[in-house]
Amino acid sequence: MPSHAEPDSLRHLGFRMYAPSPTLASVVQCYWQVRCALKGEEAAVEYLYAKGGMGMVFNFADTPHFDGSPMSAPALFDGTNSGAKRFSATGTVHILGVRFHPGGAYPVTGIPLHELAHAPLALDELVLDVGGNLYATLCDCLDTEQRIGLLEQWLWGRIEARQGLHATTREALGQLQAQQGRIEIGTLCDQLAIGRRRLERRFKREIGISPKYYARLLRVEQARQLLKQPVLSNLADVGYGAGFYDQSHFNHEFKTLVGLTPYAYRERKRLVPAASFQAAAN
């Protein structure tokens, strides 16, 4: 399976992304891999940013850390995150991941996604990999392409028998994405002819978070992308361009979800351009 991209800033981690097959493209955003050998006391420290998706992570080497805590199991389901995560690793690094589109995990798990938000859970705890058979088979694969092929078979086997997103949820997602979160939820409900509480319940069940929270993630993500541009913009213009009409609100929302103020984030990207691990955080 060909690589989708190999950003220069992530080559030191041996990072690659792989496209899903057409049959799974509506559910899986990408497969990704980090594989490298760090020398001595050398450590890799990167950041993963919340974008409303969920994923699965498989570790085949030394145990990495997330926010200072070791990865609790070799095969994890990573729920929707409320903010940025700090990833760190030493020694031999070999991680394979699946990143779902927002809502893509719903037909895979068959579980209301709000129950899986935030804290990573072992796949066998979710009865997604009883006895660790999937992980053990992945370990026996000869290469990455074979592992991804196995994952695709496993994912399709779970999705085939389950219903996907409700049409209203898909429409709400599309509207929020098209407007990059800059739409009032009440207006969205009016356009979809659905009550606000009903949409929120459906969204939490199938996406894992509320539509309002997803809109926040979209606006902050747009701001983050604007701050990464080589031409330094006025921070007020960045906030306005991302749908924030009050500078203090922009600063608060950005720091809550990214962990840094807009100014600190821009300076960090300017001084340390490689310190952004976006592969697994979409």
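These are legends for a set of close-up views of a predicted model.

**Overview. The chain as a whole, before zooming in.**
The protein chain has 282 residues, and 52% of them count as buried. Its secondary structure comes to ten helices and eleven strands. Take the contacts between residues at least 6 apart in sequence: 70% of these join residues at least 24 apart.

**View 1. Aspartate 78 and the residues around it.**
Start in strand E8, which covers residues 75-78 and holds aspartate 78. The relative accessible area of aspartate 78 is just 8%, so this acidic residue counts as buried. Its side chain has a partner, though: a polar contact of 3.0 Å links the side chains of aspartate 78 and lysine 85. Lys85 also turns up among the residues that aspartate 78 touches, along with Met54, Gly55, Arg99 and Pro120, once residues up to four places away in sequence are set aside.

**View 2. Arginine 99 and the backbone oxygens it reaches.**
Arg99, one of the residues touched by aspartate 78, gets its own panel here. Arginine 99 sits in strand E10, residues 92-100. With a relative accessible area of 3%, arginine 99 falls under the 20% limit and is therefore buried. What does the side chain of arginine 99 reach at 3.0 Å? That would be the backbone oxygen of methionine 54. A polar atom of the arginine 99 side chain also lies 2.9 Å from the backbone oxygen of glycine 53. Methionine 54 links this panel to the previous one, since Met54 is also among the residues in contact with aspartate 78.

**View 3. Helices H2 and H3 packed against each other.**
Here helix H2 (residues 133-140) packs with helix H3 (residues 144-159), their axes 9 Å apart and at an angle of about 155 degrees. That angle is over 145 degrees, so H2 is roughly antiparallel to H3. The crossing of the pair is right-handed. From H2, look for Leu134, Thr137, Leu138 and Cys139; from H3, the residues they meet are Arg147, Leu150, Leu151 and Trp154. Sorted by class, this H2-H3 contact has six nonpolar residues, one polar and one charged.

**View 4. Helices H4 and H7 side by side.**
Now for helix H4 (residues 167-178) and helix H7 (residues 211-227), whose axes come within 10 Å and cross at roughly 30 degrees. Because that is under 35 degrees, H4 counts as roughly parallel to H7. The H4-H7 crossing is right-handed. H4 brings Leu173, Leu176 and Gln177 to the contact, while H7 brings Pro211, Tyr214, Ala215 and Leu218. The class split for H4 with H7 is six nonpolar, one polar and no charged residues.

**View 5. Glutamine 180, in the loop after H4.**
Move on to the loop between H4 and helix H5 (185-192), and you find glutamine 180. Its phi is near 50 degrees, which is a positive value in a residue other than glycine. Is glutamine 180 buried, exposed or partly exposed? At 31% relative accessibility, glutamine 180 lies between the 20% and 50% limits, so the label is partly exposed.

**View 6. Alanine 193 and isoleucine 194, two residues of one loop.**
Alanine 193 is in the loop between H5 and helix H6 (196-206), and isoleucine 194 lies in the loop between H5 and H6 too. Alanine 193 has a positive phi, near 55 degrees, and is not a glycine. Alanine 193 is exposed, with a relative accessible area of 72%, whereas isoleucine 194 is buried at 11% relative accessibility. What does isoleucine 194 contact, leaving aside its neighbours within four places in sequence? The list is Thr168, Cys189, Leu199 and Arg202. Threonine 168 is 26 residues from isoleucine 194 in sequence, and their C-alpha atoms are 8.4 Å apart in space.

**View 7. Serine 26, out on a loop between strands.**
To finish, this panel shows serine 26, placed in the loop between strand E2 (16-18) and strand E3 (28-37). A relative accessible area of 62% is over the 50% limit, so serine 26 is exposed. Follow the chain from serine 26 to proline 102 and you cover 76 residues in sequence, yet in space the C-alpha to C-alpha distance is 9.9 Å.

Technical notes
Residues numbered from 1 in each chain as written. Predicted model: local features only at pLDDT ≥ 70, side-chain atom pairs only at ≥ 80, totals over all residues. Heavy atoms only, no water. Helix = DSSP H or I, 4+ residues; strand = E, 2+ residues; numbered from the N terminus. Buried < 20%, exposed > 50% of the residue type's maximum accessible area, 1.4 Å probe, protein only. Polar contact = N/O pair within 3.5 Å; in protein donor to acceptor, adjacent residues only side chain to side chain. Contact = heavy atoms within 4.5 Å. Axes fitted to C-alpha atoms, helices over the stretch in contact; angles between N-to-C directions. Parallel < 35°, antiparallel > 145°, perpendicular 65-115°, else oblique. Left-handed = near helix turned anticlockwise from the far one by under 90°. Nonpolar A, V, L, I, M, F, W, Y, C, P; charged D, E, K, R; others polar.
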